[in-house]
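Work through the exercises below with the model open. Each task is followed by a solution in steps.

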Amino acid sequence: MKVLQVIDSLEVGGAERVCIDISNLLIEKKIDIAVLTISKNGELYSFLDSRIKTYCLERKSKFNLKTIRKMVSILNSYDIIHIHMRHSYRYVKFSSLLYKLSCKLILHDHFGSIAIDKSIPLFMNNLLKPKFYVGVSNELVKWAEEKLKTSETYLLENIIIKKNYSSTKQTNTIVHVSNISPVKNQLFPIKLIEKTSFNLVIYGKVKDVNYYSGLKKYLRLNNLEDRVSFIHNENNIQNVLGRFKLGLMTSISESGPLVLIEYLAQSLPFVANKTGQVANMISDELPFFVDDFNLDIWLDKMTQVINDDSINLLDCYYKFFNPLDYAKKCLDIYKKIENY
């Protein structure tokens with residue numbers, strides 16, 4: 001079995017990290033695995049195992065036939081094409097309407113706003129409909145079955161591969177990790193910090209410039225610039241989590257999120273909105289979740305968990321997100337699709 005992972009780029013993001021982790025896990029299993037980036041390699045490219053073959057189309061236009069032909073030639077040398085994210089899948093599927101593909105295409109859907117946006121991308125329920133669909137949450141799988149009428153659906157929850165780093169906790173600092181946009185709701189942790197003595201560090205790329213400008217303005221107006229800082233260029237979040245006392249996850253909607261698994265892997269207690277597959281999996285095990293955005297409730301929860309050393313977060317990580325279990329589940333999906 002020859003497998004090709006396809007993604008737009010390996011810039012910083014959750015789907016990109018999953019693509020890398022899948023590839024690195026499968027190369028350890030001696031699977032013939034390669035990665036194709038459509039637009040550019042991206043900042044996380046260096047995290048790929050050096051044994052993995054890579055291709056980069058450096059696409060300049062979606063409708064450049066020379067680029068499409070080059071991609072189709074590469075795809076046809078593999079059996080399974082594992083495509084991350086809807087826009088990348090639509091591009092590959094569109095190309096298959098122009099040139100014959102002999103391989104099997106899988107859409108791996110990471111769409112994070114599924115709780116608030118269940119619309120169907122253009123032509124995705126007809127011309128560009130996926131035959132094989134993998135969702136990172138039950139909610140996404142249900143969406144594919146009900147909205148796209150796709151019968152071959154599979155659930156593959158996110159994981160991250162734990163790295164070992166030292167811990168030097170800053171007792172007065174908490175952390176929030178997510179790219180900056182309204183759905184990630186960074187204004188809420190800033191308002192939480194206002195009511196505490198803690199400082200806050202927010203890690204993430206700016207995805208919405210206007211929203212980011214609004215956050216900076218709020219900090220200025222409320223004299224919080226010395227207590228809240230943004231870091232936009234950190235590519236290895238696990239490496240920095242040991243510095244903090246507590247993690248936050250305040251997104252309005254998530255399909256994962258990966259950051260909760262990263263908190264677990266680095267034994268960092270957290271408070272999180274109960275949204276996404278990861279939250280659904282572990283909320284009965286850990287007392288870290290809140291199901292609304294009442295500031296007082298969040299503050300009470302933070303006080304409860306911030307000094308609680310009784311919970312072994314690593315046990316939870318290995319129980320639900322063991323990379324070896326994930327690799328087996330992924331390979332089982334490939335085998336079912338290969339034999340379909």
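**Exercise 1. Strand 2 and its neighbour**

Task: State how many bridges join strand 2 to strand 3, and which residue is the bridge partner of valine 35.

Solution.
- Step 1. Strand 2 and strand 3 run parallel, joined by 4 bridges.
- Step 2. Valine 35 has threonine 54 of strand 3 as its bridge partner.
- Step 3. Keep in mind that this is a predicted model.

**Exercise 2. The whole sheet**

Task: Give the strand order of the open sheet, then its edge strands and the average twist.

Solution.
- Step 1. The order is 3-2-1-4-5-6-7, an open sheet of 7 strands with parallel pairing.
- Step 2. Strand 3 and strand 7 (152–155) are the edge strands; each pairs on one side only.
- Step 3. From one strand to the next, the twist averages 20°.
- Step 4. Helix 3 (residues 86–98) packs on this sheet. Helix 3 touches strand 1 (2–7), strand 4 (80–84) and strand 5 (104–109). The directions of helix 3 and strand 5 make about 160°.

**Exercise 3. Strand 6 from both sides**

Task: Describe the pairing of strand 6, and decide whether its faces are covered or open.

Solution.
- Step 1. Take the strand 5 side. Strand 5 and strand 6 run parallel and are joined by 4 bridges. Here aspartate 109 stands opposite glycine 135 of strand 6.
- Step 2. Take the strand 7 side. Strand 6 pairs with strand 7 in the parallel sense, over 4 bridges. Valine 134 stands opposite tyrosine 154 in strand 7.
- Step 3. Recall the general rule: side chains in a regular strand alternate between the two faces of the sheet.
- Step 4. Apply the rule to strand 6 (residues 132–135). Phe132 and Val134 lie on one side, Tyr133 and Gly135 on the other. All four are buried, so both faces are covered.
- Step 5. Add the connection. Strand 6, helix 4 (residues 138–148) and strand 7 make a right-handed β-α-β unit.

**Exercise 4. Lysine 129**

Task: Locate lysine 129, classify its exposure and list its contacts beyond four places in sequence.

Solution.
- Step 1. Lysine 129 sits in the loop between strand 5 and strand 6.
- Step 2. Its relative accessibility is 28%, so lysine 129 counts as partly exposed.
- Step 3. Neighbours within four places in sequence are left aside. Lysine 129 then contacts Tyr89, Lys93, Phe123, Met124, Leu148, Lys149 and Thr150.
- Step 4. Now look at glutamate 225. Lysine 129 and glutamate 225 are 96 residues apart in sequence, and their C-alpha atoms are 47 Å apart.

**Exercise 5. Salt bridges**

Task: For the salt bridges of arginine 51, lysine 319 and lysine 328, find the partner and say which parts of the chain each pair links.

Solution.
- Step 1. Start with the total: the structure holds 11 salt bridges.
- Step 2. Arginine 51 bridges to glutamate 28, with the closest N and O atoms 2.6 Å apart. The pair links distant parts of the chain, 23 residues apart. Arginine 51 is in the loop between strand 2 (32–37) and strand 3 (53–56), and glutamate 28 is in helix 1 (residues 14–28). Arginine 51 is partly exposed, at 46% relative accessible area.
- Step 3. Lysine 319 bridges to glutamate 285; the closest N and O atoms are 2.7 Å apart. Lysine 319 lies in helix 11 (residues 313–321), and glutamate 285 in the loop between helix 9 (277–282) and strand 13 (289–290), so the pair ties together parts 34 residues apart in sequence. Lysine 319 is exposed at 51%. Glutamate 285 is partly exposed at 40%.
- Step 4. Lysine 328 bridges to aspartate 332, with the closest N and O atoms 3.1 Å apart. Both lie in helix 12 (residues 323–338), 4 residues apart, so about one helical turn separates them. Lysine 328 is exposed at 53%, whereas aspartate 332 is partly exposed at 30%.
- Step 5. Look for shared partners. Salt bridges join Glu28, Asp49 and Arg51 into one network.

**Exercise 6. Cysteines**

Task: Count the disulfides, then ask why cysteine 19 is in none.

Solution.
- Step 1. The count is 0 disulfides.
- Step 2. The cysteine sulfur nearest to that of cysteine 19 belongs to cysteine 330, 11 Å away. A disulfide needs sulfur atoms within 2.5 Å, so cysteine 19 is in none.
- Step 3. Cysteine 19 is buried, at 0% relative accessible area. Cysteine 330 also counts as buried, at 2%.

Methods: Residues are numbered from 1 along each chain as its sequence is written. This is a predicted model: local features need pLDDT of at least 70, side-chain atom pairs count only at pLDDT 80 or more; totals for chains, interfaces and linings use all residues. Side-chain values use heavy atoms; hydrogens and water are left out. A salt bridge is a side-chain nitrogen of Lys or Arg within 4 Å of a carboxyl oxygen of Asp or Glu. Helices (H or I, at least four residues) and strands (E, at least two) are DSSP runs, numbered from the N terminus. Buried means under 20% relative accessible area, exposed over 50%, partly exposed in between (1.4 Å probe, protein chains only). Two strands pair if DSSP finds at least two bridges between them. Axes are lines fitted to C-alpha atoms, for helices over the stretch in contact, and angles run from 0 to 180 degrees between N-to-C directions. Contact means heavy atoms within 4.5 Å. A crossover is right-handed if, with the strands pointing away from the viewer, the path from the first strand over the helix to the second runs clockwise.
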